[in-house]
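Grab a coffee and work through these exercises with the model open beside you. Try each task before you read its solution.

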Amino acid sequence: MSTVNLSGPSAVRKLKDKIALVLVCIAFALAVIPLVTVLYTVIKNGLKRFDGTFFSHSMNAIGARDAGGGAYHAIIGTIEQVGLASVIAIPIGILTAVYLVEYGGNSRLAKVVTFFVDVMTGVPSIVSGLFIFAFWIKLLGFQYMGFAGSIALSILMMPTVVRAAEEMLKLVPNDLREASYALGVPRWRTICFVVLPTAFTGIITGVMLAVARVMGETAPLLVTVWVTTAINNNPFKDPQMALPLFVWDQAQLPQQVAIDRAWAGALTLILFVMVLNLAARLIARLRKPVTR
């Protein structure tokens, strides 16, 4: 009868473990180095114009060679456009995910919706912009405006929101649903007061990922919003600037003052995304179920 050695792993297994650990560390370093390099470059160059003037003034009456000017008009445009896109895309995306998980099952309609969500996930951003340009501006005759850009951005947001919410709803244990049904609670109330609150933290994270994805989009805004140097607080009338457009507009100019403004705009955009992600994590932490 053979005996089993329980003294510990063999030398060969220890060597394999060390090699695997080294390879993982190398892979992590290769992934982090470009990220750190990009952040360092943006912060280093963006801090040159990261001042009060940049956040309180627009580029109206500021020439390409002139110092000063800022991205106030672009910041206002980005907040309004992304906000409107979120108002459009988030409810539709969550309701679509609820249908797919709670009602759709293996029905033909659910399969069709899932197919189109997968297709929309891989659609280039310029395609959504061209679609809104052709439909909203050319066919319906509306002018360039921030709301047109919001519609284009909402098209890009929807598949991300649907996929994130769908996966989170699937993780909700069926025991919670069955316990609610056993108490005589209707399905819609079970979804609203049991299923969605349970998956809330994951859904919020997915929503923030969707917002972060569209916040830096430039291509759809170029053909729907256009470029302006003036402050426009009304997204439903006239062209409206956005931070990605501001960076693109300033970076193509050869003057160093314009390039400095572009770097400052890029840094502002990164900070916006970071704040949104931190807010999502804070909400998730506050809404985390209390275990006793």
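Is Trp226 buried, partly exposed or exposed?

Before the solution, a word on ground rules: this is a predicted model, where local features need pLDDT of at least 70, side-chain atom pairs count only at pLDDT 80 or more, and totals for chains, interfaces and linings use all residues. Residues are numbered from 1 along each chain as its sequence is written, and side-chain values use heavy atoms, with hydrogens and water left out.

**Exercise 1: Trp226 and Asp238**

Solution. Start with the scale: buried means under 20% relative accessible area, exposed means over 50%, and partly exposed is in between (1.4 Å probe, protein chains only). Trp226 comes out at 44%, so it counts as partly exposed.

Next, find its place: Trp226 sits in the loop between α10 and α11. Helices here are DSSP runs (H or I, at least four residues), numbered from the N terminus. Now check the backbone: Trp226 has a phi near 70°, a positive value in a residue that isn't glycine.

Asp238 belongs to the loop between α10 and α11, and its phi is positive too, about 70°, although it is not a glycine. With a relative accessible area of 33%, Asp238 is partly exposed. Leaving aside neighbours within four places in sequence, Asp238 is in contact (heavy atoms within 4.5 Å) with Gln143, Tyr144, Met145, Gly146 and Asn232. For a sense of distance, the C-alpha atoms of Asp238 and Ala210 are 26 Å apart, with their positions 28 residues apart along the chain.

**Exercise 2: Describe how α3 and α4 pack**

Solution. Begin with the geometry. Helix α3 covers residues 72–104 and helix α4 covers residues 108–121; their axes come within 10 Å and cross at roughly 145°. Those axes are lines fitted to C-alpha atoms over the stretch in contact, and angles run from 0 to 180 degrees between N-to-C directions.

Then the hand: this crossing is left-handed, meaning that the near helix is turned anticlockwise from the far one by less than a right angle.

Now list who meets whom. From α3 come Thr96, Tyr99, Leu100 and Gly104; from α4 come Leu109, Ala110, Val113 and Thr114. Sorted by class, this contact has 5 nonpolar, 3 polar and no charged residues. The classes go like this: Ala, Val, Leu, Ile, Met, Phe, Trp, Tyr, Cys and Pro are nonpolar, Asp, Glu, Lys and Arg are charged, and the others, Gly among them, are polar.

**Exercise 3: Classify two aromatic pairs**

Solution. Get the cut-offs down: rings of Phe, Tyr and Trp (its six-membered ring) pair if their centres lie within 6.5 Å, with planes under 30 degrees apart called stacked, over 60 edge-to-face and the rest tilted. The structure holds 10 such pairs.

Phe115 and Phe116 have centres 5.4 Å apart and planes at 75°, so the pair is edge-to-face. Phe116 is partly exposed, at 48% relative accessible area.

Phe147 and Phe236 give 5.1 Å centre to centre and 35° between the planes, which makes a tilted pair. It ties together distant parts of the chain, 89 residues apart: Phe147 is in helix α6 (residues 146–170), while Phe236 is in the loop between α10 (219–222) and α11 (243–251). Phe147 is buried at 18%, whereas Phe236 is partly exposed at 45%.

One more thing to look up: ring pairs also link Phe50, Phe54, Phe55 and Phe246 into a cluster.

**Exercise 4: What surrounds Gln81 and Ile191?**

Solution. Take Gln81 to begin with. Gln81 lies in helix α3 and is buried, with a relative accessible area of 1%. Skipping residues up to four places away in sequence, Gln81 touches Gly146, Ser150, Leu221, Val225, Gln240, Met241 and Ala242.

Move on to Ile191, in helix α8 (residues 187–198). Ile191 is buried at 4% relative accessibility. Beyond its neighbours within four places in sequence, Ile191 is in contact with Val98, Glu102, Tyr103, Leu196 and Pro197.

**Exercise 5: How many disulfides are there?**

Solution. The test is a pair of cysteine sulfur atoms within 2.5 Å. Searching the whole structure turns up 0 disulfides. As for accessibility, Cys25 is partly exposed at 45%, and Cys192 is partly exposed at 38%.

How values were computed:
Helix = DSSP H or I, 4+ residues; strand = E, 2+ residues; numbered from the N terminus.
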